[in-house]
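Please look over the sequence and the three-dimensional structure shown here before reading the report that follows.

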Amino acid sequence: MRVGIGYDSHRLAEGRRLVIGGIVIPFEKGLLGHSDADVLCHAIMDAVIGAVGLGDIGRLFPDTDPRWKDAVSTELLRYVVDLARMNGYAIAWIDATIIAERPKLGPFRPAMAAGLAGALGVEPSAVSVKAKTNEGVDAAGRGEAIAVHAVALLERVRR
Ligand SMILES: [Zn+2]
């Protein structure tokens, strides 16, 4: 078994779609960034990359590379899972915590988990997505950003 820890955060901005875990969430702002800025996918990718020992997410997906501009992050996640598989590891379990003051994300958790499971190639029961506020503290608490912490457990598989 290997475990990896992942983290990501993006600034909230006007005129952007809010995409979290591959789900478009109705909100007056969206996350700013290269690609669709899907903070949940990025944190999980970071955790999977960490478990395999492949270094920084920015090394795999440099934001100077036009290939990744406006990329769909669930597709990037699939790519990372394929990389893990090529290195002899499969996803056993994902747990993630989204820190967002607004909007309320609870109603979207099942859809996020189901969509992520598809991209990860696992059952939805192997993906845990949680959401909480930051009690008004820091950038996430002031509604300026959304952050995600994630953990990935990978198991060795025969190649
Ligand atoms: Zn990101």
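Three aromatic pairs are counted in this predicted model, under the rule that rings of Phe, Tyr and Trp (its six-membered ring) pair if their centres lie within 6.5 Å, with planes under 30 degrees apart taken as stacked, over 60 as edge-to-face and the rest as tilted. Phe61 and Trp68 form one of these pairs, an edge-to-face arrangement with 4.8 Å from centre to centre and 80° between the planes. Both of these residues, Phe61 and Trp68, are buried, a word that here means under 20% relative accessible area, while exposed means over 50% and partly exposed in between (1.4 Å probe, protein chains only). The rings of Trp68 and Tyr79 have centres 6.1 Å apart and planes at 45°, so this pair is tilted. Trp68 lies in the loop between helix 2 (57-60) and helix 3 (73-86) and Tyr79 lies in helix 3, so the pair ties together parts that are eleven residues apart in sequence. Ring pairs thus link Phe61, Trp68 and Tyr79 into a cluster. Within that cluster, Trp68 counts as buried because its relative accessibility is 11%, whereas Tyr79, at 36% relative accessibility, counts as partly exposed.

As for the basis of these statements, the model is predicted, so that local features need pLDDT of at least 70 and side-chain atom pairs count only at pLDDT 80 or more, while totals for chains, interfaces and linings use all residues. Residues are numbered from 1 along each chain as its sequence is written, and side-chain values use heavy atoms, with hydrogens and water left out.

The strands can be taken next. An open sheet of five strands has the order 4-1-7-5-6, and its pairing is mixed; here helices (H or I, at least four residues) and strands (E, at least two) are DSSP runs numbered from the N terminus, and two strands pair if DSSP finds at least two bridges between them. The edge strands are strand 4 (29-31) and strand 6, each of which pairs on one side only. From one strand to the next the twist averages 20°, with axes being lines fitted to C-alpha atoms (for helices over the stretch in contact) and angles running from 0 to 180 degrees between N-to-C directions.

Strand 7 (residues 145-156) is joined to strand 5 by ten bridges, and these two strands run antiparallel. Strand 1 (residues 2-14) also pairs with strand 7 in the antiparallel sense, over ten bridges. Strand 5 and strand 6 (residues 127-132), by contrast, pair in the parallel sense over six bridges. Examples of residues that stand opposite one another are listed below.

| Residue | Bridge partner | Strand of the partner |
|---|---|---|
| Gly4 | Ala152 | strand 7 |
| Arg11 | Ala145 | strand 7 |
| Ala90 | Glu155 | strand 7 |
| Ile91 | Leu154 | strand 7 |
| Ala96 | Val129 | strand 6 |
| Thr97 | Lys130 | strand 6 |

Strand 5 (residues 89-99) is mostly covered, with eight of its eleven residues buried. Together with helix 4 (residues 109-120) and strand 6, strand 5 makes a right-handed β-α-β unit, where right-handed means that, with the strands pointing away from the viewer, the path from the first strand over the helix to the second runs clockwise. Arg109 lies in helix 4 and, at 37% relative accessibility, counts as partly exposed. The C-alpha atoms of Arg109 and Asp56, which are 53 residues apart along the chain, are separated by 27 Å.

Two further contacts involve side chains. Arg156 lies over the face of Tyr89, at 4.8 Å from the ring centre; a charge sits over a ring if NZ of Lys or CZ of Arg is within 6 Å of the ring centre and within 35 degrees of the ring normal. The zinc ion is coordinated by Asp8 (OD), His10 (NE2) and His42 (ND1), at 2.0 Å, and along the chain these donors follow the spacing D-x1-H-x31-H. Donors are N, O and S atoms within 2.8 Å of the metal (3.2 Å for Na, K and Ca), and water is not among the atoms, so sites may look incomplete. Both Asp8 and His10 are buried.
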